[in-house]
Amino acid sequence: MSHMKQVDSESPSDVAHWLRSEATDLWPAALGSLSLRRSRCIRENCPACLSGEQHQSYVLYDRAEGRRIAVYVPEELVPQVQRGLDNGRALQDLLHQVAPRYIKALKRERAEAKKSDEG
Ligand SMILES: [Zn+2]
């Protein structure tokens, strides 16, 4: 963690640079919850449905622009979607770390501006 020792001297643009460099590898990045759903199909006398086992499919649930969404995810795409969700959480975590660092940097910048006004 080489950047940690700089936290006490960074400027707002240092924070921006740090965020960009940390976020670079976080693609795909997405939020939502992926679940395995069982459902009936429309075929008559379908053995899977008759046995009660039904059909499993992955669905991503979330809210987007205020609306609930449910998106079917083909099984072969699940690893990529899961990776996106892991990265999305990592990105969210980064943004939580940004708040205190950015505020600290803004205060430092303000204190230095004052100092140079007085000097
Ligand atoms: Zn069926």
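Select Pro 28, which lies in the loop between helix 1 and strand 1 of this predicted model. The peptide bond joining Trp 27 and Pro 28 is cis, with omega of about 0 degrees. In general, most peptide bonds are trans.

**From the loop to helix 3**

Next, pick Asn 87, a residue of helix 3. Is Asn 87 buried or exposed? Its relative accessible area is 12%, so Asn 87 counts as buried, the cut-off being under 20%. Display its contacts, leaving aside neighbours within four places in sequence: Asp 25, Leu 26, Trp 27, Pro 28 and Ala 29. Both residues of the cis peptide bond, Trp 27 and Pro 28, are thus among the contacts of Asn 87.

Move to Leu 26. Not counting residues up to four places away in sequence, Leu 26 touches Asn 87, Ala 90, Leu 91 and Leu 94.

**The nonpolar core**

Keep Leu 26 and Leu 94 selected and add Val 15, Trp 18, Val 98 and Ala 105; these six residues make up the largest nonpolar core. Which elements give two or more residues to this core? They are helix 1 (12-23) and helix 3. Helix 3 gives the most, with three residues. As a general tendency in soluble globular proteins, nonpolar side chains are buried together.

**Helix 3 over the sheet**

Now show helix 3 in full, residues 78-118. Helix 3 lies across strand 1, strand 2 and strand 3, and its direction is at about 145 degrees to strand 1.

Hide the helix and look at the strands. There are three in an open sheet, ordered 1-2-3, with antiparallel pairing. Strand 1 (33-39) and strand 3 (67-73) are at the edges; each has a single partner strand, so one side of each has no neighbour in the sheet. From one strand to the next the twist averages 35 degrees. Strands of a sheet pair through backbone hydrogen bonds.

To follow the pairing, start with strand 1 and strand 2 (residues 55-64), which are joined in the antiparallel sense over seven bridges. Two positions to label:

- Ser 35, whose bridge partner in strand 2 is Val 59.
- Leu 36, whose bridge partner in strand 2 is Tyr 58.

Then cross to the other side of strand 2. Strand 2 and strand 3 are also antiparallel, over seven bridges. Here Asp 62 can be labelled with Ile 69, its bridge partner in strand 3.

The hairpin of strand 2 and strand 3 has two residues between the strands. Select Glu 65 in this hairpin to find a positive phi near 50 degrees.

**Tyr 61**

Stay on strand 2 and choose Tyr 61, which lies there. At 32% relative accessibility, Tyr 61 is classed as partly exposed. What does Tyr 61 touch, not counting residues up to four places away in sequence? The contacts are Gly 32, Ser 33, Ser 35, Arg 37, Ile 69 and Ala 70. A distance can be drawn from Tyr 61 to Ser 35: their C-alpha atoms are separated by 7.7 Å, and the two residues are 26 apart along the chain.

**The zinc site**

Centre the view on the zinc ion. Which protein atoms are its donors? They are the SG atoms of Cys 41, Cys 46 and Cys 49 together with NE2 of His 55, lying 2.0 to 2.3 Å from the ion. The four donor atoms make angles of 103 to 116 degrees, so the site counts as tetrahedral, for which all angles must lie between 85 and 135 degrees. Along the sequence the donor residues follow the spacing C-x4-C-x2-C-x5-H. Two of these donor residues, Cys 46 and Cys 49, are buried.

**Two loop residues with positive phi**

Select Asn 45 in the loop between strand 1 and helix 2 (47-50). Its phi is near 55 degrees, a positive value in a residue other than glycine. Asn 45 is exposed, with a relative accessible area of 63%.

The last stop is Gln 54, in the loop between helix 2 and strand 2. Gln 54 likewise has a positive phi, near 60 degrees. Is Gln 54 buried or exposed? Its relative accessible area is 19%, and the cut-off for buried is under 20%, so Gln 54 is buried. For context, most residues other than glycine have a negative phi.

Methods: Residues numbered from 1 in each chain as written. Predicted model: local features only at pLDDT ≥ 70, side-chain atom pairs only at ≥ 80, totals over all residues. Heavy atoms only, no water. Donors = N, O, S within 2.8 Å, 3.2 Å for Na, K, Ca; no water. Tetrahedral: all angles 85-135°; square planar, octahedral: opposite > 155°, others 65-115°. Buried < 20%, exposed > 50% of the residue type's maximum accessible area, 1.4 Å probe, protein only. Pairing = 2+ DSSP bridges. Helix = DSSP H or I, 4+ residues; strand = E, 2+ residues; numbered from the N terminus. Axes fitted to C-alpha atoms, helices over the stretch in contact; angles between N-to-C directions. Contact = heavy atoms within 4.5 Å. Core = buried A, V, L, I, M, F, W, Y, C linked by side-chain atoms within 4.5 Å.
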